[in-house]
Amino acid sequence: MKHYTSHNVLGAVDFDMRFTYVLAGWEGSAHDASILADSLSRPDGLQIPEGKFYLGDVGYACRPGILPPFRKTRYHLNELSAKHRPQNAKELFNLRHARLRVTIERAFAALKNRFKVLDQKLFQTFDTQVKLVLACCILHNWILGWDEDEVFEEVVTFDEVETGHGVDAGDNDTWKEKWQEWADAMCEARGNTTI
C-alpha cells in the first residue's frame, strides 16, 4: 500500500512506442473500466478508428474497439512457452495478445526510466502532477521522433492482424463472437505460422 496519492493513467501506444492518447488525473484506486468509459465519453477523448481496435488488459470488458485477453485462460508469457504450448484457441489468442501488449509495457517502462520523477512520491499539487505526466509523455514522443533512443531495445515484429472487423460499434454480442472467431482462426492457422 502506498501512503501517498497515486495515479491511474490511461495510455494508448502505437507500435513505435509513442503515446497516441493519454488521460491522466484519475486516482490510483480508480478501476480501468471507469477511466475508459470516461475517456470514450469526452469530446476530445479516445477515438477508436473504424475497423481498428485497441488491446486492453484484463481490467477491460470485451467491447467494440477493445480487445482484452480471455478471462480464466492462461495469459502470461511465462505460462505459455515451448514446454507449455497453447492447448486451444483462447490460449493461443492470449499468447499473441500478450506478445503485442509487451509494446505497451515497454513504452511505460521507458517513460518511467527516462523521467524518474514519475516513479517517485511527488510533492506537487495533484493538478501539477497531472500536467507533469502529460508533459513527460509529450517529451517522450518528441525524443523518439528526433533521436536514436538507447532506452528501447529492437522492436519485435508480429504477424499481420486483419483490421477490418465489420462489426457495428454498438453490438457487444457480435463483437464477442468476432473475438472468438479471431481466436479460432489463429488456432486453425497456427500450423502455417510460428507461435
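**Exercise 1. Determine how the span of helix 2 compares with the expected span, and where the helix bends.**

Solution. Step 1: helix 2 covers residues 89-114 and has 26 residues. Helices here are DSSP runs of H or I with at least four residues, and strands are runs of E with at least two, both numbered from the N terminus. Step 2: the expected span is 1.5 Å times one less than the number of residues. Step 3: from its first C-alpha to its last, helix 2 reaches 38 Å, close to the 38 Å expected at 1.5 Å a residue. Step 4: a kink of about 25° is centred on Leu100; the bend at a residue is the angle between axes fitted to the seven residues ending there and the seven starting there. Step 5: at the start of helix 2, a side-chain oxygen of Asn88 comes to within 3.1 Å of the backbone nitrogen of Lys90.

The model is predicted: local features need pLDDT of at least 70, side-chain atom pairs count only at pLDDT 80 or more, and totals for chains, interfaces and linings use all residues. Residues are numbered from 1 along each chain as its sequence is written, and side-chain values use heavy atoms, with hydrogens and water left out.

**Exercise 2. State the order of the elements along the chain, and the share of its residues that is buried.**

Solution. Step 1: the chain has four helices and four strands. Step 2: read from the N terminus, the elements run β-β-α-β-β-α-α-α. Step 3: of the 195 residues in the chain, 37% are buried; buried means under 20% relative accessible area, exposed means over 50%, and partly exposed lies in between, with a 1.4 Å probe and protein chains only. Step 4: among contacts (heavy atoms within 4.5 Å) between residues at least 6 apart in sequence, 58% join residues at least 24 apart.

**Exercise 3. Find the buried residues of helix 1 and of helix 3, and explain how they are arranged around each helix.**

Solution. Step 1: in helix 1 (residues 32-41), the buried residues are Asp32, Ile35, Leu36, Asp38 and Ser39. Step 2: viewed down the axis of helix 1, these residues fall within an arc of 160°, so they line one face of the helix. The arc is that of the directions from the helix axis to the C-beta atoms. Step 3: the buried residues of helix 1 pack against strand 1 (7-13), strand 2 (19-27) and strand 4 (66-67).

Step 4: helix 3 (residues 126-146) buries Gln129, Val130, Val133, Cys136, Cys137, His140 and Leu144. Step 5: their arc, seen down the axis of helix 3, is within 120°, so these residues also line one face. An α-helix has 3.6 residues a turn, so residues three or four places apart point the same way. Step 6: on the other side of helix 3, Lys131, Ile138, Trp142 and Trp146 are exposed. Step 7: the buried residues of helix 3 pack against strand 1, strand 2 and helix 2.

**Exercise 4. Describe the largest nonpolar core and name the elements that build it.**

Solution. Step 1: a nonpolar core is a set of buried Ala, Val, Leu, Ile, Met, Phe, Trp, Tyr and Cys residues joined through side-chain atoms within 4.5 Å. Step 2: the largest core has 14 residues, of which Val13, Phe19, Leu111, Leu118 and Cys137 touch the most other members. Step 3: strand 2, helix 2 and helix 3 each give two or more residues to this core, and helix 3 provides the largest share, four residues. Step 4: not counting residues up to four places away in sequence, Phe19 touches Ala12, Val13, Ala107, Phe108, Leu111, Cys137, His140 and Asn141. Step 5: a second, separate core of 11 residues includes Cys62, Leu92, Trp182 and Met186.

**Exercise 5. Locate Trp182, Arg101 and Met17, and decide whether each is buried or exposed.**

Solution. Step 1: Trp182 is found in helix 4 (residues 172-189) and is buried, with a relative accessible area of 11%. Trp182 and Phe93 are 89 residues apart in sequence, with their C-alpha atoms 7.8 Å apart in space. Step 2: Arg101 lies in helix 2 and is buried at 14% relative accessible area. Step 3: Met17 lies in the loop between strand 1 and strand 2 and is buried, with a relative accessible area of 1%. Met17 has a positive phi of about 65° although it is not a glycine.

Conventions
A polar contact is a pair of N or O atoms within 3.5 Å; within protein, one must be able to donate a hydrogen and the other to accept it, and residues adjacent in sequence count only if both atoms are side-chain atoms.
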